[in-house]
Amino acid sequence: MIYLDNNATTRVPDEVLSAMTPFYRELYGNPHAIHSLGRRAHDGVEEARAELARLLGCNASEVIFTSCGTEGNALVLRGLVDQQPRRRKVVTTAVEHPSVLTLLRALERERAIELEIVPVDTHGAIDLDRMRDAIDDDTLLVTVMLAQNETGVIHPVARVAELAHARGALLHVDAVQAAGKIPLDQRELGADFITISGHKFHAPKGIGALTIRKGLKLQPLWYGGGQELGMRSGTEPVPAIAGFAAAARLAREALPDYGRVRALRDKLESSILARVKEASVNGVTQPRLGNTASIAFHGIAADELVRALDANGVCVSAGAACHSGSVEPSGTMKAMGLPLHVAMGAVRFSLSRYTTEAEIDEAVSVVSGLQINIMH
Ligand code: PLP
């Protein structure tokens, strides 16, 4: 199989598995136990925290481990709203992941927060004037993703941070898709909170991290042993954390060579556009992640194309993975206001640093050889 669905999840390489194994086989103590096996596990967790801090441009004491991106986002959003702050407004964008947008709609119903969703244009760019107008003195939090999961469009988060902080609001950045693909720096972004998820950059599934800027606190989602600064109780999954750190180090070290991935993505896009008459690239005018190609095959039902590609050995997605099965265009494509015949045909090809040129050439030849049903 040629796997071009790396924004959905990634494979775990041997180096990451090897970093995990000792914590299953020998160093399996509870990191909060006082005996030596516990202390070794604890050291493993703290070394991993320091490695994650290097990836995120923050202090190790500002990193807490979570289970995934969805949990990190929930912890920030609920954790702030549950503190019953005087400010009751949350500002976000129309292209956030469902783990942000669906939760915010639930908080609007259940906790009477005021929610304002700032639109994007047909290129996926956030309307910054609308963002400035939306943030007011009642705004508790602005939550904006750094890189969009379907299009790869990179948002001007540092600019949004200035707008938020000018009105005394906090900024949360969902960097789940950005981590390991572009440099991240909590200070340069001006982020008060950053969510990331390991399985998007070759760590195992079931581990993520949240940064919480020094001095800030969140109400926990649940209570227990008080691990992770009391904000995320539960015994830390030490093997997964060790794998997460190894994946973070490998990603950070490989970042200077990410241009290779971008060159392959560009080749994929230009080769498909040259062969398929009615196709276009979503978000192409914007700064984008180097690994993501959202290609709209005009007049074609994307889910049929995805199935046809799969039958020919190529794994891709129609919109976000979590929307699969739906016959509607994805929320992101709708938010971009693309015409229906373009939005319905949007297929996401997402590469990783393990993708080879031979795989791209083969994927292009499969796409160009397909007999695809045209929508009416
Ligand atoms: N945020 C973004 C931008 C994502 O793309 C995803 C997953 O697709 C998530 C959050 C959720 O991450 P997880 O699958 O780790 O819960």
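A salt bridge is a side-chain nitrogen of Lys or Arg within 4 Å of a carboxyl oxygen of Asp or Glu. With that term in hand, let us take a closer look at several parts of this predicted model.

**View 1. Glu-51 and Arg-54 meet in a salt bridge within helix H2.**
Side chains of opposite charge can pair when their charged atoms come close. Here the nitrogen-to-oxygen distance between Glu-51 and Arg-54 is 3.0 Å. Both residues belong to helix H2, which covers residues 36–56. They are 3 residues apart, about one turn of the helix. Are the two partners buried or exposed? Glu-51 has a relative accessibility of 8%, so this residue counts as buried. Arg-54 is partly exposed, because its relative accessible area is 48%. If you are searching for other pairs of this kind, the whole structure holds 23 salt bridges.

**View 2. Glu-51 also forms a salt bridge with Arg-252.**
Stay with Glu-51 and look for its partner Arg-252: their closest N and O atoms are 2.8 Å apart. This pair links distant parts of the chain, since Arg-252 sits in helix H8 (residues 238–254) and Glu-51 in helix H2. How many residues apart are they? The separation is 201 residues. Arg-252 counts as partly exposed, because its relative accessibility is 28%.

**View 3. Arg-111 and Asp-82 join a helix to a loop.**
The side chains of Arg-111 and Asp-82 meet in a salt bridge, with 2.1 Å from N to O. Arg-111 belongs to helix H4 (residues 98–111), while Asp-82 is in the loop between helix H3 (69–81) and strand E3 (89–93), so the pair ties together parts that are 29 residues apart in sequence. Arg-111 counts as partly exposed, at 30% relative accessibility. Asp-82 is partly exposed too, with a relative accessible area of 24%.

**View 4. Four side chains share a network of salt bridges.**
Which residues take part? Look for Lys-89, Glu-114, Glu-116 and Asp-136, which are linked to one another in this network.

**View 5. An open sheet is built from 7 strands.**
Follow the strands across the sheet in the order E2-E8-E7-E6-E5-E3-E4, and note that their pairing is mixed. Where are the edges? Strand E2 (63–66) and strand E4 (114–118) are the edge strands, and each of them pairs on one side only. From one strand to the next, the twist averages 20 degrees. At the E2 edge, 4 bridges join E2 to strand E8 (residues 208–212), and these two strands run antiparallel. One bridge to look for links Thr-66 with Gly-208 of E8.

**View 6. Strand E7 is mostly covered.**
In a regular strand the side chains alternate between the two faces of the sheet. You can trace this in strand E7 (residues 193–197): Phe-193, Thr-195 and Ser-197 point one way, while Ile-194 and Ile-196 point the other way. Are these side chains on buried or exposed residues? Every one of these residues is buried, so the count for E7 is 5 of its 5 residues, where buried means under 20% relative accessible area. Strand E6 (residues 170–174) runs parallel to E7, and 3 bridges join the two. Among the bridge partners, Asp-174 is matched with Thr-195 in E7. E7 and E8 pair in the antiparallel sense, over 5 bridges. Here Ser-197 has Gly-208 of E8 as its bridge partner.

**View 7. The largest cavity holds about 80 Å³ of space.**
Rolling a probe the size of a water molecule over the atoms shows where empty space is left. How many cavities of 30 Å³ or more are there? The count comes to 1. The lining of the largest cavity includes Asn-6, Thr-10, Lys-181, His-202, Tyr-258 and Arg-353. By type, its lining residues divide into 3 nonpolar, 5 polar and 3 charged.

**View 8. Thr-10 is a lining residue placed in a loop.**
Zoom in on Thr-10, one of the residues that line the largest cavity. Its loop lies between strand E1 (2–3) and helix H1 (14–25). Thr-10 is buried, because its relative accessible area is 6%. For a sense of scale, Thr-10 and His-97 are 18 Å apart in space, C-alpha to C-alpha, and 87 residues apart in sequence.

Terms used. Residues are numbered from 1 along each chain as its sequence is written. This is a predicted model: local features need pLDDT of at least 70, side-chain atom pairs count only at pLDDT 80 or more; totals for chains, interfaces and linings use all residues. Side-chain values use heavy atoms; hydrogens and water are left out. On a 1 Å grid over the protein atoms alone, a cavity is a set of points where a 1.4 Å probe fits but cannot get out, and a pocket is an open set with protein on both sides within 12 Å along at least five of seven lines; lining residues have an atom within 4 Å of a point. Grid points are joined across faces, edges and corners, and a volume is the space filled by probe spheres set on the points. Ala, Val, Leu, Ile, Met, Phe, Trp, Tyr, Cys and Pro count as nonpolar, Asp, Glu, Lys and Arg as charged, and the others, Gly among them, as polar. Two strands pair if DSSP finds at least two bridges between them. Axes are lines fitted to C-alpha atoms, for helices over the stretch in contact, and angles run from 0 to 180 degrees between N-to-C directions. Buried means under 20% relative accessible area, exposed over 50%, partly exposed in between (1.4 Å probe, protein chains only).
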